[in-house]
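I opened my notebook and went through this one a bit at a time. Here is what I looked up, in the order I got to it.

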Amino acid sequence: MSPTGTPSGAPLTRRTFRQIGPVDVLVNIAGIIVAYYRLDDMKEEDWDLTFDVNVKGLMQMCREFVKRLKAKGLPGNIVNVSSNGAKVCFDNMADYNASKA
């Protein structure tokens with residue numbers, strides 16, 4: 001599943017959890033690189049898409065997972081996998097680097 005952080009992302013997350021049944025561990029590893037731009041050439045819509053998937057989509061997945069566990073009174077674990085981009089700034093990837101920091 002690839003959450004996009006769009007208004008349809010949360011319903012998609014809920015539907016997926018319903019379809020796969022009981023889950024007590026969530027591993028978030030989603031991430032996209034839209035394009036390679038110098039910051040002064042970057043398109044705002046590409047920046048927004050990167051943050052929608054890499055940041056907002058991650059939040060939506062965690063939120064829906066926690067809601068599901070709390071409703072059932074179950075324990076669970078969340079593992080959020082980031083990227084080397086959180087520590088090392090890759091050339092021409094300001095959007096990706098910022099979204100993983």
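**Entry 1: a charged residue to begin with**

I started with Glu64, which counts as buried because its relative accessibility is 5% and the cut-off for buried is under 20%. I should say right away that this is a predicted model, so every number I jot down here is computed from that model.

Which partners does Glu64 have? I found Arg63 in a salt bridge with Glu64, with the closest N and O atoms 3.3 Å apart. I also found a salt bridge between the side chains of Glu64 and Lys67, at 3.7 Å from N to O. Glu64 and Lys67 both sit in helix H2, three residues apart, which is about one turn of the helix. Salt bridges with shared partners join Arg63, Glu64 and Lys67 into one network.

Then I looked up how open the two partners are. Arg63 is partly exposed, with a relative accessible area of 33%. Lys67 is partly exposed too, at 47% relative accessibility.

**Entry 2: the rest of the salt bridges**

How many salt bridges does a search of the whole structure find? The search gives three. One of them joins the side chains of Asp40 and Arg38, at 2.9 Å from N to O. Asp40 counts as exposed because its relative accessibility is 57%, and exposed means over 50%.

**Entry 3: helix H2 itself**

Helix H2 kept coming up, so I gave it a page. H2 covers residues 44–72. H2 has 29 residues and reaches 40 Å from its first C-alpha to its last, close to the 42 Å expected at 1.5 Å a residue.

Where does H2 bend? I found the bend at Asp52, and it is about 40°.

I also wrote down who is buried in H2. Among them are Asp46, Thr50, Val53, Asn54 and Gly57. Further along H2, the buried residues include Gln60, Met61, Cys62, Phe65, Arg68 and Leu69.

Lys56 is found in H2 as well, and I noted that Lys56 is partly exposed, with a relative accessible area of 39%. I checked Lys56 against Arg15: the two are 41 residues apart along the chain, and their C-alpha atoms are separated by 18 Å.

After H2 comes Gly73, whose phi is positive, near 65°.

**Entry 4: aromatic rings**

Next I hunted for aromatic pairs, and a search of the whole structure finds one. The pair is Trp47 and Phe51, and it is stacked, with 5.1 Å centre to centre and 20° between the planes. Stacked is the right word because planes under 30 degrees apart count that way.

Both Trp47 and Phe51 lie in helix H2, four residues apart, about one turn of the helix. Buried or exposed? Trp47 is partly exposed, with a relative accessible area of 29%. Phe51 is partly exposed as well, with a relative accessible area of 23%.

**Entry 5: a nonpolar patch**

Which residues make the nonpolar surface patch? My list has Val25, Val27, Ile29, Val79 and Val81, and the patch is about 400 Å². I looked closer at Val25, which lies in strand S1, residues 25–28. Val25 is partly exposed, with a relative accessible area of 41%.

**Entry 6: an asparagine in a loop**

I stopped at Asn92, where phi is near 60°, a positive value in a residue other than glycine. Where is Asn92? I found it in the loop between strand S2 (77–80) and helix H3 (94–100). Asn92 is partly exposed, with a relative accessible area of 37%.

**Entry 7: stepping back**

Last, I looked up the whole chain. The protein chain has three helices and two strands, and from the N terminus on the elements run α-β-α-β-α. The C-alpha trace spans about 50 × 25 × 15 Å along its principal axes. Buried residues make up 33% of the 101 residues in the chain, and Glu64, where I began, counts as buried.

Methods. Residues are numbered from 1 along each chain as its sequence is written. This is a predicted model: local features need pLDDT of at least 70, side-chain atom pairs count only at pLDDT 80 or more; totals for chains, interfaces and linings use all residues. Side-chain values use heavy atoms; hydrogens and water are left out. Rings of Phe, Tyr and Trp (its six-membered ring) pair if their centres lie within 6.5 Å; planes under 30 degrees apart count as stacked, over 60 as edge-to-face and the rest as tilted. Buried means under 20% relative accessible area, exposed over 50%, partly exposed in between (1.4 Å probe, protein chains only). The expected span of a helix is 1.5 Å times one less than its number of residues. The bend at a residue is the angle between axes fitted to the seven residues ending there and the seven starting there. Patches are made of residues with over 30% relative accessible area and no salt bridge: like charges are joined within 9 Å, nonpolar side chains (Val, Leu, Ile, Met, Phe, Trp, Tyr) within 5 Å. Accessible areas come from the Shrake-Rupley method with a 1.4 Å probe; for residues, only the protein chains shown count as cover. A salt bridge is a side-chain nitrogen of Lys or Arg within 4 Å of a carboxyl oxygen of Asp or Glu.
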